[in-house]
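Visitor: I would like to understand the words people use when they describe a protein. Could you show me the structure and explain how each label is earned?

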Amino acid sequence: MRQFPAFFLMDDAHVVIFGDGINAERKARLVAKTNASIRLITDTAPDWAAEYRDRLEMFSSDQAENALFGARFAIVALDGDAEAEAAVALAHAQGVPVNAVDRKHLCDFTVPSILDRGDIVAAVATGGAAPVLAKDIRAKLETLLPERIGDLASLAQRWRPAVKAAIEDETRRRHFWESTLRGAVAEAVHAGDDARAEALMAETLEQFSQSDQTPVGAVHIVGAGPGDPELLTLKAFRLIQQADIVFYDKLVSPEILDMVRRDAERVPVGKSKGEHLVPQDGIHELLIAAAREGKRVVRLKGGDPFIFGRGGEEVDALREAGIEADVVPGITSALGCAASARLPLTHRDHAQSVTFVTGHAQKGGVPDLDWPALARPHQTVVVFMGVGPAGII
C-alpha cells in the first residue's frame with residue numbers, strides 16, 4: 001500500500017487554493033462541501049468566487065505566505081510549471097501538505113474520487129494512475145449505499161454516549177450496534193421515519209441494558225476456498241467482517257486473512273503433515289469457549305469444510321455442547337485446481353462421474369478404498385492429500 005488513506009477534520013480549518021481557473025473552481029466547489037473556509041491566492045478575482053463569498057477570502061500572490069499560515073492543506077491549480085513549483089515550495093516552507101493538480105510529482109497527497117453521504121464518506125484513489133477508474137468504482141459504490149445511510153450514522157453519533165453509559169462491556173456494546181444498525185432502526189431511517197427510529201433506539205437500548213446475561217454466540221464454519229480472495233463467497237466475506245474471533249487453518253491464504261475485520265482476534269490452529277499446532281479436540285474446546293463468551297466465532301478453513309476438512313467433526317462437537325453451528329461452503333481445491341488447469345472433472349465424452357478420495361488414512365498407512373472401483377474407466381478420480389502415498393496409489 002503506497003498510499004495511506006486518512007480523512008482531514010475540517011471544522012475551524014482553512015484551505016488555501018492557488019489559481020483562478022477551472023481547476024481552482026472545481027477544487028473550491030469540493031472544499032466548500034466541508035466546514036472549512038477557503039483562502040484563494042490570485043491576482044485576478046474570478047467570477048465564480050462570488051458563489052462562495054461567505055466563506056472565501058482572496059489574497060494576492062505576495063500575500064500567499066500569510067494565507068498559508070495554519071492551513072490544513074493547500075491545492076495548487078496554476079497553469080505554469082514554474083509558478084506551480086514556487087507555490088509548492090512556499091507551502092512546504094510553512095509545513096503545509098500540498099496537492100498540485102495534474103502534477104503528480106509535486107503532490108504530498110492526491111484528491112480521491114469521493115462519495116458523500118453526510119457523515120458517511122467513501123473515497124477511492126489510484127495514486128493519480130487512473131482517475132477515471134476511481135470514478136467508475138465510486139459510481140458502483142453509489143448504487144450500493146442507501147441514500148440515507150448518512151442519517152443513520154448521525155443517529156448513531158447522537159446515541160453513542162447513552163449507549164456507552166448503559167452497556168459497559170465492549171463486546172456486548174458491539175453486538176448492540178450491529179443489531180440496531182442492521183435491523184428495524186436502520187429500516188426506519190432508510191424509510192424516512194426518524195421519529196420511529198428514535199423510539200426504536202430507546203426501546204432496544206432499554207431492553208439490552210436490563211439484561212445482564214451474555215448470549216451464547218454462534219459458530220460459523222466457513223470455507224475459504226483454494227486461496228484466491230475473488231473465489232470467496234459473499235456470505236463468507238460478510239461473516240469474517242463481522243467476526244469477533246477467527247480460528248484459521250494453515251491453508252488459508254494471507255490475502256484472505258487480510259480481509260478479516262481489523263480488530264478481530266486471529267488464532268492460528270493450522271495443521272500440516274506430522275505437525276498439529278492445535279489438536280482437533282483442542283480446536284473444539286476453543287470454539288465452544290469463545291461462543292460461550294458471547295463472541296461471534298468464525299472457523300475459517302481452506303477449501304470446503306465438508307470435503308476432507310473435518311468440518312463434520314466440528315459441527316458434531318458444537319451441537320453436543322449446545323452451540324449453534326452454521327456451515328458456509330467454499331470452493332474445494334479440486335474444483336479450483338481443475339478450473340485453473342482448464343481440466344473438466346466431468347465430460348460427456350470421457351468422464352461420466354467424479355469421485356473424491358483421500359490418500360491419507362486416519363491412522364497412517366494405506367487408506368481403505370475400493371481400489372477396483374477407482375480403476376474403472378470413464379470417470380475422474382480426485383485424490384486429496386495424496387502426495388506422500390502417491391507411489392502406492
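Visitor: What makes R148 and D194 a salt bridge?

Guide: Remember that this model is predicted. The closest N and O atoms of R148 and D194 are 3.2 Å apart. A salt bridge needs a side-chain nitrogen of Lys or Arg within 4 Å of a carboxyl oxygen of Asp or Glu, so this pair earns the name. The two residues come from distant parts of the chain, 46 residues apart: R148 is in the loop between α4 and α5, while D194 belongs to helix α8.

Visitor: Why is D194 called partly exposed?

Guide: The relative accessibility of D194 is 39%. Buried means under 20% and exposed means over 50%, so D194 falls in between and is called partly exposed.

Visitor: Which salt bridge does R148 form with D151, and how do you know that it counts?

Guide: Here the N to O distance is 3.0 Å, and the limit is 4 Å, so R148 and D151 count as a salt bridge. D151 has a relative accessible area of 36%, which makes D151 partly exposed.

Visitor: How many salt bridges does the rule give?

Guide: The count comes to 21 salt bridges.

Visitor: What makes R174 and D263 one of these pairs?

Guide: Their side chains meet at 3.9 Å, N to O. That is within 4 Å, so the pair passes. R174 sits in helix α6 and D263 in the loop between α10 and β10, 89 residues apart in the chain. Both also belong to a network of salt bridges, which links E170, R174, E178, D244, R261, D263 and R296.

Visitor: Why is R174 called buried?

Guide: R174 has a relative accessible area of 19%. The word buried applies under 20%, so R174 qualifies.

Visitor: Which residues of helix α13 are buried, and what do they pack against?

Guide: Among the residues of α13, which runs from 333 to 340, A334, G336 and A338 are buried. The buried residues of this helix pack against β15 and β16. After α13 comes R342, with a positive phi near 55°.

Visitor: Why is a positive phi worth pointing out?

Guide: Because most residues other than glycine have a negative phi. D12 has a positive phi of about 60° although it is not a glycine. Another case is D102, with phi near 65°.

Visitor: Where are D12 and D102, and why are they called exposed?

Guide: D12 lies in the segment before β1, and its relative accessible area is 82%. D102 is found in the loop between β5 and β6, with a value of 74%. Exposed means over 50%, so both residues carry that label.

Visitor: What makes a patch of negative charge on the surface, and which residues are in it?

Guide: D20, D43, D62, D79 and E83 gather there. Asp and Glu count as negative, so the charge of the patch is called negative. D62 lies in the loop between β3 and α2. At 67% relative accessibility D62 is over the 50% mark, so D62 counts as exposed.

Visitor: Why is E206 called partly exposed?

Guide: E206, in helix α8, has a relative accessible area of 47%. Exposed requires over 50% and buried under 20%, so E206 is partly exposed. From E206 to V88 the C-alpha atoms are 55 Å apart in space, and the two residues are 118 residues apart in sequence.

Definitions and conventions. Residues numbered from 1 in each chain as written. Predicted model: local features only at pLDDT ≥ 70, side-chain atom pairs only at ≥ 80, totals over all residues. Heavy atoms only, no water. Patch = residues over 30% accessible without salt bridge, like charges linked within 9 Å, V, L, I, M, F, W, Y side chains within 5 Å. Areas by Shrake-Rupley, 256 points an atom, 1.4 Å probe, with all protein chains shown as cover. Charge placed at Lys NZ, Arg CZ, Asp CG, Glu CD. Helix = DSSP H or I, 4+ residues; strand = E, 2+ residues; numbered from the N terminus. Buried < 20%, exposed > 50% of the residue type's maximum accessible area, 1.4 Å probe, protein only. Contact = heavy atoms within 4.5 Å.
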